[in-house]
Amino acid sequence: MTDAARMHDVTPETRRIVDLVLDYSRERLLAQDTPLDKPLPAAELSRLAGRTISEEGVGAERALGVFTHVLAPACITTDDPRYLSFIPTAPTKAAAAFDLVVSASALYGGSWLEGAGAVHAENEVLRWLADEFGLPASAGGVFVQGGTLGNLSALVAAREAARAHRADTGAAAPTRWAVVCSSQAHSSIASAARVMDVDVITVPTDADGVLRGDAVAAVLANVHERVFAVVATAGSTNFGIVDDIAGVAAAAHAHDIWLHVDGAYGLAGMLSPLARHLYAGVEQADSVIVDPHKWLFAPFDACALIYRDPEQGRRAHTQHAEYLDTLTDRSDYSPSDYAAHLTRRARGLPLWFSLATHGAAAYREAVSASIVLARRIADEIEARSGFSLVRRPQLGVVVFERDGWTRADYEAWSQRLLDVQHAFVTPSSHEGRPNARFAILNPRTTFDDLTGILDTMH
Ligand SMILES: *Cc1c(COP(=O)(O)O)cnc(C)c1O
């Protein structure tokens, strides 16, 4: 059975494979002219890629050839400066390159026993973020896969804390638990509630899209006994609007209810002196999340989940099993214990490396650039005839209408932009009215990129 290790041993063949893949990666990381690309129908991809999986294998050259010529061109270049849909991604070169190191080193990020060095560095990043957000020295957490899992894990910890509190005080647990959030909260809050089998109570925002404390207080007055968490959004995905976090915190904490701040997209805006004032109150959060794969310029996929008191997270999430006792009987800091996961990639390390390399000031500058550009293009849209701004941007999201356009007009325009490889801008809507939306995050996006896109809307 000597051949069993032929894929693992260092041999002329495995050396060649590693070289091929690293050469490709190097070229992609340093390319100046990566096309935007676009998806193809499944049948078309089947035809072009052919069958790649067989008993004998097709060899690395052929497999990489299929990836290079067929599969990669069918994936949109999400870090393209004219990718302005959803929430884009724009990893720094340092962060993207270091992701290769995380893979190459087979790091295990779940436990201190196995990954102490990696966990130490990740924790330094979490500490830095907690300081930026004004959270106390006790705060800590873990990098999880994405904001959806971060929100779920935080809400599970919140419910656990509420349950424990009821048990300690002899109060009866409600028949249905509920989480309170704004009507603008991200869909992942409703997803978490479905997984947890709890109710979502939505509170209307003011006309400006901001959830305010008095609205939360009015709702809580009737339902607080079954509410285990209130969620404030620090940068809504649709508009980049930040809730009145201080007001929401006061309303929640008046009933001893956990405040979770969902800042998956927008909390990074706190790094910029231009936006910092919008986030007053975040320092009172019981848990927060922010996604490094969004506005912190790390590669997919990473969410920083931070608890004010990490012990609450550990109590809710530690897995117990005979084979794990050797880990869980220790007092070491094991990231697996703080979310709904066990095995984990040390996915905070690309951000750590880039942040250590460039320093926080470079991040402040890059985040500020998006905010400045969003304001500038908002001014331009207001000034152009035939265009109207739906709302002044707070962060990097600019939502606007082309006067008289129907949903079909936006759809056709968006498809054409992608077909001709000009830009990726998907239509959105607000209160039933179709619109277009620029999510500005990539520091390489220019004002001319944006006006060039507006010029196509006739
Ligand atoms: C993107 C986003 C999420 C979900 O994060 P994923 O990483 O996509 O799971 C949650 N909340 C807000 C506000 C977001 O913008």
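This passage describes the overall build of a predicted model, then one of its helices, an annotated lysine and an open sheet.

The protein's secondary structure amounts to 15 helices and eleven strands. Its C-alpha trace extends over about 70 × 65 × 40 Å along the principal axes. For 458 residues, a compact globule would be expected to have a radius of gyration near 23 Å, and the 24 Å of the protein agrees with this. Buried positions make up 42% of the 458 residues. Long-range contacts are well represented too: of the contacts between residues at least 6 apart in sequence, 72% join residues at least 24 apart.

Helix α7, spanning residues 187-196, offers a clear view of how one helix is placed. Four of its residues, Ser188, Ile189, Ala192 and Ala193, are buried. These four lie on the same side of α7, because the arc they cover around the axis is only 145°. Ser187 and Arg194, on the other side of α7, are exposed. The cover over the buried residues of α7 includes one helix, α6 (147-169), together with the strands β2 (178-182), β3 (199-203), β4 (227-233) and β5 (258-262). Just after α7 comes aspartate 197, with a positive phi near 55°.

Attention turns next to an annotated position. An unreviewed UniProt entry lists Lys294 under "modified residue: N6-(pyridoxal phosphate)lysine". In the model, lysine 294 sits in the loop that links β6 (287-290) with β7 (303-307). Is this loop residue buried or exposed? Lysine 294 has 29 other C-beta atoms within 10 Å, and since 20 or more make a residue buried, lysine 294 counts as buried. Leaving aside residues up to four places away in sequence, lysine 294 touches Ile87, Thr89, Ala264, Tyr265, Ala268 and Leu441.

Finally, there is an open sheet of four strands, which pair in the antiparallel sense in the order β8-β9-β11-β10. The edges are taken by β8 (387-389) and β10 (427-430); each has a single partner strand, so one side of each lacks a neighbour in the sheet. From one strand to the next, the twist averages 45°. The partner of β10 is β11 (residues 433-439), and four bridges join this antiparallel pair. Within the pairing, serine 428 faces asparagine 435 of β11. Helix α14, made up of residues 407-419, lies across β10 and β11 and runs at about 155° to β10.

Technical notes:
Residues are numbered from 1 along each chain as its sequence is written. This is a predicted model: local features need pLDDT of at least 70, side-chain atom pairs count only at pLDDT 80 or more; totals for chains, interfaces and linings use all residues. Two strands pair if DSSP finds at least two bridges between them. Helices (H or I, at least four residues) and strands (E, at least two) are DSSP runs, numbered from the N terminus. Axes are lines fitted to C-alpha atoms, for helices over the stretch in contact, and angles run from 0 to 180 degrees between N-to-C directions. Two residues are in contact if their C-beta atoms, placed from the backbone, lie within 7 Å. UniProt positions are given in the numbering used here, feature names are shortened, and annotations may be inferred rather than shown by experiment. A residue is buried if 20 or more other C-beta atoms lie within 10 Å of its own, exposed if 12 or fewer, and partly exposed in between; C-beta atoms are placed from the backbone. The radius of gyration is taken over C-alpha atoms; the globule rule is 2.2 Å times the number of residues to the power 0.38. The arc is that of the directions from the helix axis to the C-beta atoms.
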